[in-house]
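Reader: I'm new to this one and would like a close look at a single part. Could you walk me through one chain slowly, and then show me how it sits with its partner?

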Amino acid sequence: MWKTVVRRILVMIPQLFVLSLIIFFLAQKMPGDPFSGLITPETDPSRIEELREQAGLNDPLPMQYVNWIKDVAQGDFGKSYTYKRSVSSLIGERAYNTFLLSLFSVILVYALAIPLGVIAGRYKDTFVDKTVVLYSFISYAIPTFVLSLIFLYVFGYQLSWFPTSGTVDVGIEEGTLSYYWNRIHHMLLPAITYAVLGTTGIIQYLRSEVIDAQTQDYVKTARSKGVPMRKVYTRHIFRNSLLPIAAFLGFTITGLLGGSIFIETIFGYPGMGQLFVNSVLTRDYSVITTLVMLFGFLTLLGSLLSDIIMSIVDPRIRID
Amino acid sequence: MSKTDILLEINHLSTSFRIKDDYFAAVDDVTLTLRKNEVLAIVGESGCGKSTLATSIVGLHNTENTKVDGEINYNNQNLVQMTDEQFNNVRGAEIGFIFQDPLSALNPLMRIEQQIEESLIYHTKLNKEERNKRVIELLQQVGIPNPERTAKQFPHQLSGGMRQRVMIAIALSCKPAVIIADEPTTALDVTIQAQILDLLKALQSETGAGIILITHDLGVVAEVADRVAVMYAGQVIEEAPVNELFTNPKHPYTRSLLNSIPQMNTEGQKLNVIHGIVPSLKNLPRTGCRFASRIPWMPQDIHEASPSMHEVAPDHFVRCTCWQRFHFEEESDVV
């Protein structure tokens, strides 16, 4: 297994290299540059030119690329033009915020989706099942930004149950219990929004897997052994039905750092998604390229992780 | 045969499936008995209701779209009337079931030992250690060469024959009085088939269990069965001891089946077939002789209006009267 893992990681290097080429030149091809946003009628064009020269933006593109990739290879991702600080510390802080929010959201998603999916499958065509299916259709049909705005308006502004932006209130001492509660309080509304919309796929998958598993021969075997129906579900049907969910788990884990653009932007939550949108809007090249490289790496890692997880949960799958 | 030998008594059993709003009987008024130490073979084409009959005996049908009428008497209890919870004490403990395809019938995610152990958990008071011992013992009993190793393996790591042996071990685990084998050799190649049949026979003589063997393979019947019931379109149309059936078949269907077995010693001869197909559940004629449509060259008046079973020789029963004048299709019959 370790041989495969090492091989797969080595294969990632050329993949990431190609990605770096594409993203670097695409980013440079965007109209404008980090300084276009600074231009006002009073700005002296020569001052902008000076800044561009300083930042090395007037160098030929291949040279800029080589300079950038050299730094990246040494672990230096450059400085953000907008935030005037190193990209790695900026992303590190945002990744932490996003990780907390995503983890919270994903736990909510699984806590909601797994019981609903299993119950819907087990009691197929009953009232409960129809309700669950109706819910999943509706949540599938609602765009993220619509529900986010509705929730923000109703629960944030009208009912004032939740704070409407940020990760923590100003002036609360770090490390205290109320600090942690305050952070969770800030995450609740975006996490619930994410969970309400994110359950659809898992519910539908699980439901159809459970329905499918019920008719499998091994379920008949279990029944013929005199195993009570409840145990047939927990020991046989449930475990087999979870396999397709496990297949996505690797992507889910690495996706914890990806963040949701819509949710973070609408709920003013300073995470990776929000950082990504802002860096594109301000042409913050060093941040854009680093983020895309990171997302690319996470996707590759997710597929490797998924394969490893599958080989653990399904004895029929072996990677050597 | 004394009355005390009787293990399982099936009386007027009908199993009907719901299609839209109507119920259609796939097993129609079947009466059979299974005695101790006996292999009762149930033969018939695909779709004749033999597997439905088998699953009815262990109550594995979905109650929402299936209706089971009649009686299945085991140990002075009527299995048909049992609730699912009551039935769970019979299934696995008193009646063991062997499925056709051992690959799909074993849970792919569970080790062999867990799957065998499962019935021991629910039907015996053995502790974990004793159960493990019993699992190894069972694997040995069904002729698995390295039981300790096999116990730790997963189904996909075993060959087809080994998997079927595991299935048999599962069925035997609680020493059931009745074993139902639903086409246990169909998914296996011929040499393995013979081994599995020998194993079943050997285990039977050890345990004295009664076996109901569902098959469409007359070769298998000839090899292991004591008594044979031939099913056609949901009904038993002929029932006889195995020798009697092969030497003296009566019903046109039985005779056609035997006639359609390819002969090795006749070269260049046409393969004998039975005309038409088994009518589907929905289009099945519910009155009159159900086989009539497949012997169209015979006049209609040879059939009984409502065919019943007649004892034509000791222990040999035939449905309908058409057998008396039946002959195979001749040149002159072709229209």
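Author: Here is a walk through chain A, followed by its contact with chain B and the sheets over there.

Keep in mind as we go that this is a predicted model. Let's start with what chain A is made of. It has 13 helices and zero strands, so to speak a one-letter recipe: from the N terminus on, every entry in the run of elements reads α. Along its principal axes, the C-alpha trace of chain A spans about 85 × 55 × 40 Å. Of the 320 residues in chain A, 30% are buried. If you take the contacts in chain A between residues at least 6 apart in sequence, 71% of them join residues at least 24 apart.

Now zoom in on helix H1 of chain A, which covers residues 2–29. Does the length add up? At 1.5 Å a residue, its 28 residues should span 40 Å, and the end C-alpha atoms are 41 Å apart, so the two agree. As for its surroundings, just one of the 28 residues of H1(A) is buried, so this helix lies largely in the open.

Step back a little and chain A splits in two: domain 1 takes in 2–73 and domain 2 takes in 91–313. Their C-alpha centres lie 33 Å apart. Where the two domains of chain A touch, domain 1 contributes 16 residues and domain 2 contributes twelve. On the domain 1 side of that contact you'll find nine nonpolar residues, five polar and two charged.

Next comes the neighbour. The contact between the chains takes 18 residues from chain A and 24 residues from chain B. On the chain A side, helix H8 (217–224) and helix H9 (229–241) each supply at least two residues. H8(A) gives the most, with six residues. Sorted by character, the chain A side has five nonpolar, six polar and seven charged residues.

Chain B brings strands into the picture. One open sheet there has four strands in the order S2-S1-S4-S5, with antiparallel pairing. Strand S2 (22–35) and strand S5 (77–78) of chain B stand at its edges with a single partner strand each, so one side of each has no neighbour in the sheet. Strand S1 (residues 6–19) of chain B is joined to S2(B) by ten bridges, and B:Phe17 stands opposite B:Phe24 in S2(B). Helix H1 (residues 50–57) of chain B packs on this sheet, touching S1, S2 and strand S4 (66–74), and its direction makes about 70° with that of S2(B).

Chain B also has an open sheet of eight strands, in the order S6-S7-S8-S3-S9-S10-S12-S11, and here the pairing is mixed. Its edge strands are S6 (95–98) and S11 (309–313) of chain B, each pairing on one side only. From one strand to the next, the twist averages 20°. Inside this sheet, strand S10 (residues 235–241) and strand S12 (residues 316–319) of chain B pair in the antiparallel sense over two bridges, and B:Glu238 has B:Val318 in S12(B) as its bridge partner. Finally, helix H7 (residues 160–172) of chain B lies across S6 and strand S7 (178–182), running at about 165° to S6(B).

Technical notes
Residues are numbered from 1 along each chain as its sequence is written. Chains are lettered from A and ligands numbered from 1 in the order in which they are written. This is a predicted model: local features need pLDDT of at least 70, side-chain atom pairs count only at pLDDT 80 or more; totals for chains, interfaces and linings use all residues. Two strands pair if DSSP finds at least two bridges between them. Axes are lines fitted to C-alpha atoms, for helices over the stretch in contact, and angles run from 0 to 180 degrees between N-to-C directions. Two residues are in contact if their C-beta atoms, placed from the backbone, lie within 7 Å. Ala, Val, Leu, Ile, Met, Phe, Trp, Tyr, Cys and Pro count as nonpolar, Asp, Glu, Lys and Arg as charged, and the others, Gly among them, as polar. A residue is buried if 20 or more other C-beta atoms lie within 10 Å of its own, exposed if 12 or fewer, and partly exposed in between; C-beta atoms are placed from the backbone. The expected span of a helix is 1.5 Å times one less than its number of residues. Domain bounds come from an automatic or database domain assignment.
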